[in-house]
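Student: Could you walk me through this model before I go back to the bench? I'd like to start with the overall fold and then look at the holes in it.

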Amino acid sequence: MRRVALHALLAGLGAAVLIPFLWMLVSSLKRDDEVFTVPIQWIPEELQWGNYGRIWQEIPLGTYLGNSLILAVSITFLQVLTGSFAAYGFAKVRFPGRDALFLAYVGTIAVPWQAYMVPQYILMEKAGLVNTRTALILLQAFGAFGVFLMRQFYLSIPDELIEAARLDGLTEFGIWARVALPLSKPALASLALLTFVNTWNDYMGPFIYLTSNDLWTVQIGLRSFVGVYDSEYAMIMTGSVISVLPILAVFLLGQRYFVQGVATTGMK
């Protein structure tokens, strides 16, 4: 009975978490004047399936989705590459001041982005990179959180295995590429998924650096439905549902590795 009660509680909590998504999905099939009715109308009188066709005609949604995909894939690849490489150095390479440098680097996570937002923008402006994807890619290609996550996983790899690879003549780069990386697929999948979702949902970065409509991401593009005096809420919900689908697909494909990476990171 205790197990049944626990499963019922977890099922209820899971359903509660899905309520906002369900409301967004239902709202995407309504008219604008039906979205914020009180009480909530969970089943519209007339389903507006045409919203999913009309949104492609009102805004260049394909372009926005493509821009989001380019940024998400590029930044995810670079963060996984640089994070895993730096984490290997902090975990398995001995050099003076290693731990102090790691603590200082990880400590940057505590610094809010708003504190260095303006200096970053000035730097990108002087480099002539404003209104380009390159600015966002360069600023987000490195992340202290990714280094911390991968380092915790690399600590679980036996040092004897690394020493054996050194005795066999492998360089540190070779050990990272041929020993550490193949063993860290779960942690790599976790970092890739978290980075992809964070980049895909990023609003402030593209809003600050991208001014051209051809470079807008889907999060910025949906602002086209927000007017001065009124907003097309049904179209916003329709675009939000479409923008969630790529994240859902990525999570479903990497769910097994993601759960395994979170469960084993930091275990020795």
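Tutor: Let me fix one term before we begin: a contact here means heavy atoms within 4.5 Å. With that in hand, residues 24 or more positions apart account for 73% of the contacts in the chain with a separation of 6 or more. Please keep in mind that this is a predicted model.

Student: Okay, and how many helices and strands does the chain have?

Tutor: The chain has 13 helices and 0 strands, and its C-alpha trace spans about 70 × 65 × 30 Å along the principal axes.

Student: What percentage of the residues is buried, and what supplies the exposed surface?

Tutor: Of the 268 residues in the chain, 38% are buried. The chain exposes about 15,500 Å², and 68% of that area is supplied by carbon and sulfur atoms.

Student: Now the holes. What volume does the largest pocket have?

Tutor: The largest pocket has a volume of about 820 Å³, and among its 26 lining residues the closest to the centre are Gln79, Tyr116, Leu139, Phe142 and Gly143. Two or more lining residues come from each of helix 3 (61-92), helix 5 (113-126), helix 6 (133-140), helix 7 (144-154), helix 10 (185-200) and helix 11 (204-209).

Student: Which helix gives the largest share of that lining, and how does the lining divide by class?

Tutor: Helix 10 gives the largest share, with 5 residues. By class, the lining of the largest pocket has 15 nonpolar, 10 polar and 1 charged residues.

Student: What about the second largest pocket, which residues line it?

Tutor: That pocket has a volume of about 160 Å³, and the residues lining it are Phe21, Val197, Asn201, Val244, Ile247 and Leu248. Helix 13 (residues 233-264) contributes the most to the lining of the second largest pocket, namely 3 residues, while the division by class is 5 nonpolar, 1 polar and no charged.

Student: How many cavities of 30 Å³ or more turn up?

Tutor: A search of the whole structure finds 1 cavity of 30 Å³ or more, and the volume of the largest cavity is about 50 Å³. Its lining consists of Ser68, Leu71, Ile75, Leu136, Gln140, Thr199, Asp202 and Pro206, which divide into 4 nonpolar, 3 polar and 1 charged. Helix 3 and helix 6 each supply at least two residues of that lining, and the largest share, 3 residues, is from helix 3.

Student: Switching to single residues: is Ser84 buried or exposed?

Tutor: Ser84, which lies in helix 3, counts as buried because its relative accessibility is 1%, and buried means under 20%. A polar atom of the Ser84 side chain lies 3.1 Å from the backbone oxygen of Leu81. Leaving aside neighbours within four places in sequence, Ser84 is in contact with Gln79, Met150, Tyr154, Trp176, Leu181 and Leu188.

Student: And Thr195, what does that one touch?

Tutor: Thr195 lies in helix 10 and counts as buried at 7% relative accessibility. Not counting residues up to four places away in sequence, Thr195 touches Ile75, Thr76 and Gln79. Gln79 also came up among the residues closest to the centre of the largest pocket and among the contacts of Ser84.

Student: Going back to helix 7, why is it described as largely enclosed?

Tutor: Helix 7 is largely enclosed by the rest of the structure because 8 of its 11 residues are buried. The buried residues of helix 7 are Ala144, Gly146, Val147, Leu149, Met150, Arg151, Phe153 and Tyr154, and Met150 and Tyr154 are also among the contacts of Ser84.

Student: Last topic, the backbone. Where is the cis peptide bond?

Tutor: Most residues other than glycine have a negative phi, and most peptide bonds are trans. In this chain a cis peptide bond joins Val38 and Pro39, with omega about 0°, and Pro39 lies in the loop between helix 1 (2-27) and helix 2 (51-58).

Student: Which residue has a positive phi although it is not a glycine?

Tutor: That is Asn131, with a phi of about 65°, in the loop between helix 5 and helix 6. Asn131 is partly exposed, its relative accessible area being 26%.

Technical notes:
Residues are numbered from 1 along each chain as its sequence is written. This is a predicted model: local features need pLDDT of at least 70, side-chain atom pairs count only at pLDDT 80 or more; totals for chains, interfaces and linings use all residues. Side-chain values use heavy atoms; hydrogens and water are left out. On a 1 Å grid over the protein atoms alone, a cavity is a set of points where a 1.4 Å probe fits but cannot get out, and a pocket is an open set with protein on both sides within 12 Å along at least five of seven lines; lining residues have an atom within 4 Å of a point. Grid points are joined across faces, edges and corners, and a volume is the space filled by probe spheres set on the points. Helices (H or I, at least four residues) and strands (E, at least two) are DSSP runs, numbered from the N terminus. Ala, Val, Leu, Ile, Met, Phe, Trp, Tyr, Cys and Pro count as nonpolar, Asp, Glu, Lys and Arg as charged, and the others, Gly among them, as polar. Buried means under 20% relative accessible area, exposed over 50%, partly exposed in between (1.4 Å probe, protein chains only). A polar contact is a pair of N or O atoms within 3.5 Å; within protein, one must be able to donate a hydrogen and the other to accept it, and residues adjacent in sequence count only if both atoms are side-chain atoms. Accessible areas come from the Shrake-Rupley method with a 1.4 Å probe; for residues, only the protein chains shown count as cover.
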